[in-house]
Amino acid sequence: MSERTITEDMIFECFAAAQKGADLQSSAESFVDVEEYENRVMYPEFARWAKEAGYPEISKIFLTVAGEEKAHAVWMRELYQEMGEPPRGKDTARAIAALKEIRDNCDRLLAMNPEGVLENALKVAIRVENREWKEIYPNLRDQAIAAKNTRAAEVYQRVIDSEKQHAVWFQEALDSYQNARRATA
Ligand SMILES: [Fe+2]
Ligand SMILES: [Fe+2]
């Protein structure tokens with residue numbers, strides 16, 4: 001493997017500073033944190049990479065999605081205020097504290113191969129979004145339905161629809177990125 005080859009795993013590792021000790025239990029509360037992490041750390045960072053690699057349109061998509069992730073966190077927090085206040089922001093706080101370390105890690109990858117980083121960031125984003133709309137939020141919605149909590153089920157369904165849209169946007173961005181690269185190869 002050439003040293004310029006960037007893998008999806010390398011991108012995950014690049015964020016490892018934030019994940020140290022993170023509790024990844026799939027409880028609903030922890031997903032408020034996941035949403036805020038995506039809003040404040042992951043997607044803004046991906047947007048920065050896209051810009052530096054010379055793809056401002058893709059950068060804009062990452063920023064749009066980052067903003068919508070904030071909305072998901074807000075919708076779910078509202079839900080929890082009805083259910084009782086969850087422990088707040090532990091993982092996100094850790095990620096924000098580690099932001100400099102994350103950026104330094106990411107800058108090392110960017111310097112190696114900015115376009116490889118961007119292509120794999122899109123793949124990571126697609127993987128994250130697909131997992132959310134196909135598995136995580138349908139599970140939470142079904143739990144809410146089983147508990148006859150219609151309002152929670154509706155909120156989760158709204159999140160599912162939105163995450164599915166994100167997956168579509170990122171897939172379209174990846175397709176057009178790859179087509180453009182093939183055209184100039
Ligand atoms: Fe989200
Ligand atoms: Fe999303």
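Q: What makes up the protein, counted in helices and strands?
A: The protein has eight helices and zero strands, where a helix is a DSSP run of H or I with at least four residues, a strand is a run of E with at least two, and both are numbered from the N terminus. From the N terminus on, the elements therefore read α-α-α-α-α-α-α-α. This is a predicted model, in which local features need pLDDT of at least 70 and side-chain atom pairs count only at pLDDT 80 or more, while totals for chains, interfaces and linings use all residues. Residues are numbered from 1 along each chain as its sequence is written, and chains are lettered from A and ligands numbered from 1 in the order in which they are written.

Q: Why is Val41 called buried?
A: A residue is buried if 20 or more other C-beta atoms, placed from the backbone, lie within 10 Å of its own, exposed if 12 or fewer, and partly exposed in between. Val41, in helix α3 (residues 28-52), has 23 C-beta neighbours inside 10 Å and therefore counts as buried. Buried residues make up 33% of the 185 residues in the protein. The C-alpha atoms of Val41 and Arg103 are separated by 9.6 Å, although these residues are 62 apart along the chain.

Q: What makes Asp107 partly exposed?
A: Asp107 belongs to helix α6 and has 14 C-beta neighbours inside 10 Å, so this residue counts as partly exposed. From Asp107 to Trp49 there are 58 residues in sequence and 8.8 Å in space, C-alpha to C-alpha.

Q: How do you know that the buried residues of α6 line one face of the helix?
A: The residues in question are Ile102, Cys106, Leu109 and Leu110, which are buried. Seen down the axis of α6, these buried residues fall within an arc of 100°, and so they line one face; the arc is that of the directions from the helix axis to the C-beta atoms. On the other side of α6, Lys100, Asp104, Arg108 and Ala111 are exposed.

Q: How do you know that the span of α8 agrees with the expected one?
A: The expected span of a helix is 1.5 Å times one less than its number of residues. For the 35 residues of α8 this gives 51 Å, and the end C-alpha atoms of α8 are 51 Å apart, so the two values agree. Helix α6 (residues 99-112), with 14 residues, reaches 20 Å from its first C-alpha to its last, close to the 20 Å expected.

Q: Why are α7 and α8 called roughly antiparallel?
A: Their axes come within 8 Å and cross at roughly 165°; axes are lines fitted to C-alpha atoms, for helices over the stretch in contact, and angles run from 0 to 180 degrees between N-to-C directions. Angles under 35 degrees count as roughly parallel, over 145 as roughly antiparallel, 65 to 115 as roughly perpendicular and the rest as oblique. The helices α7 and α8 are therefore roughly antiparallel to each other.

Q: What makes the phi of Lys148 worth a remark?
A: Most residues other than glycine have a negative phi. The phi of Lys148 is near 60°, a positive value in a residue other than glycine. Lys148 sits in the loop between α7 (114-146) and α8 (150-184), and with 8 other C-beta atoms within 10 Å this residue is exposed.

Q: Which residues does Phe15 touch, and why is Phe15 called partly exposed?
A: Two residues are in contact if their C-beta atoms, placed from the backbone, lie within 7 Å. Not counting residues up to four places away in sequence, Phe15 touches Met42 and Ile102. Phe15, in the loop between α1 (8-14) and α2 (16-19), has 19 other C-beta atoms within 10 Å and is therefore partly exposed.
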